[in-house]
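Let's take a walk through a protein fold together. Have a look at the picture first, then read on.

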Amino acid sequence: KNLDKALIYAIKHKKNNILRYLLKRGFNLNITDKYNETALFYAIDLGYRDIAKMIIRHPKFNVKSIESKVAIGRCITIEDVLIAQENDINQQDMCGLTRLMSASDFGYTQVVEYLLIYPRINVNMRNNCDENALIMAVKNGHTEIVKLLLQHPGINVNYQIRSVKENALMYAVEGAHIEIVKLLNQEERAQTHHLEYIQAITCG
């Protein structure tokens, strides 16, 4: 508990020397305090980019934590996260989510753009609900992210969620995401089904 307080104190008061000492001792960065917050949470909340980078680069940092996703969106440059965690590029959390899926779901366009640079990125991985990054982006109407994913040569445009037999184009039609419907309908790799619905929504 004293070490918990020491770590949080070091971050809140920006005592980098104390923080480095605690990191060298192998302190658990993912432990939470009495408010259920982590060290990275406080670094982000206080806007201490240098400390947040130090935490993210530490080998014991859990990249799958919720705070790491917030860090990607709010505080740390995308390059910092990817350089530090490239080996975990396709790692899934307990819900089956990868960083690409999470970024596609929440609309972090810049994150998706940088993730797609890496040759080992798997754009077709599925979460526990059988959704891939493309379907998640489509469902939420993230047009720019859909554009980025469609530019990737390995994307499976026609992938269907097995339980409902629906693909990204069908979800775009159902969600009335007109621009996304147009993008998918123009995609050479797409197998266009229910053309009457597609024409109705794009022309209506």
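Start at the N terminus and follow the chain: its elements run α-α-α-α-α-α-α-α-α-α-α-α-α. That gives 13 helices and zero strands. Keep in mind that this is a predicted model.

How much of the chain is tucked away? Of its 204 residues, 47% count as buried. On the outside, the chain exposes about 11000 Å², and carbon and sulfur atoms supply 50% of that area. The fold also brings distant parts of the sequence together: among contacts with a separation of 6 or more, 63% are between residues 24 or more positions apart.

Now for the inside. The largest nonpolar core has 36 residues, and those with the most contacts inside it are Leu-100, Val-112, Val-138, Leu-149 and Leu-184. Six helices, listed below, each supply at least two residues of this core.

| Helix | Residues supplied to the largest core |
|---|---|
| α7 | at least two |
| α8 | at least two |
| α9 | six, the most of any |
| α10 | at least two |
| α11 (168-174) | at least two |
| α12 | at least two |

There is also a second, separate core of 21 residues, which includes Leu-19, Phe-27, Leu-40 and Tyr-48.

Back in the largest core, what does Val-112 touch? Leaving out residues up to four places away in sequence, Val-112 touches Leu-100, Ala-103, Ser-104, Ile-145, Leu-148 and Leu-149.

Some of those partners sit in helix α10 (residues 143-150), so let's zoom in there. In α10, Ile-145, Val-146, Leu-148, Leu-149 and Leu-150 are buried. What covers them includes α7 (99-106), α8 (109-115), α9 (133-139) and α12 (178-186).

One of these neighbours, α12, deserves a closer look. Two packed helices are described by the angle between their axes and the distance between the axes. For α10 and α12, the angle is about 10° and the axes are 10 Å apart. Angles under 35 degrees count as roughly parallel, and α10 and α12 are therefore roughly parallel to each other.

Which residues make this contact? From α10 come Thr-143, Val-146, Lys-147 and Leu-150, and from α12 come Glu-179, Ile-180, Leu-183 and Leu-184. Sorted by class, the contact has five nonpolar, one polar and two charged residues. Notice that Leu-184 of α12 takes part here and is also among the residues with the most contacts inside the largest core.

Notes: Residues numbered from 1 in each chain as written. Predicted model: local features only at pLDDT ≥ 70, side-chain atom pairs only at ≥ 80, totals over all residues. Heavy atoms only, no water. Buried < 20%, exposed > 50% of the residue type's maximum accessible area, 1.4 Å probe, protein only. Helix = DSSP H or I, 4+ residues; strand = E, 2+ residues; numbered from the N terminus. Contact = heavy atoms within 4.5 Å. Core = buried A, V, L, I, M, F, W, Y, C linked by side-chain atoms within 4.5 Å. Axes fitted to C-alpha atoms, helices over the stretch in contact; angles between N-to-C directions. Parallel < 35°, antiparallel > 145°, perpendicular 65-115°, else oblique. Nonpolar A, V, L, I, M, F, W, Y, C, P; charged D, E, K, R; others polar. Areas by Shrake-Rupley, 256 points an atom, 1.4 Å probe, with all protein chains shown as cover.
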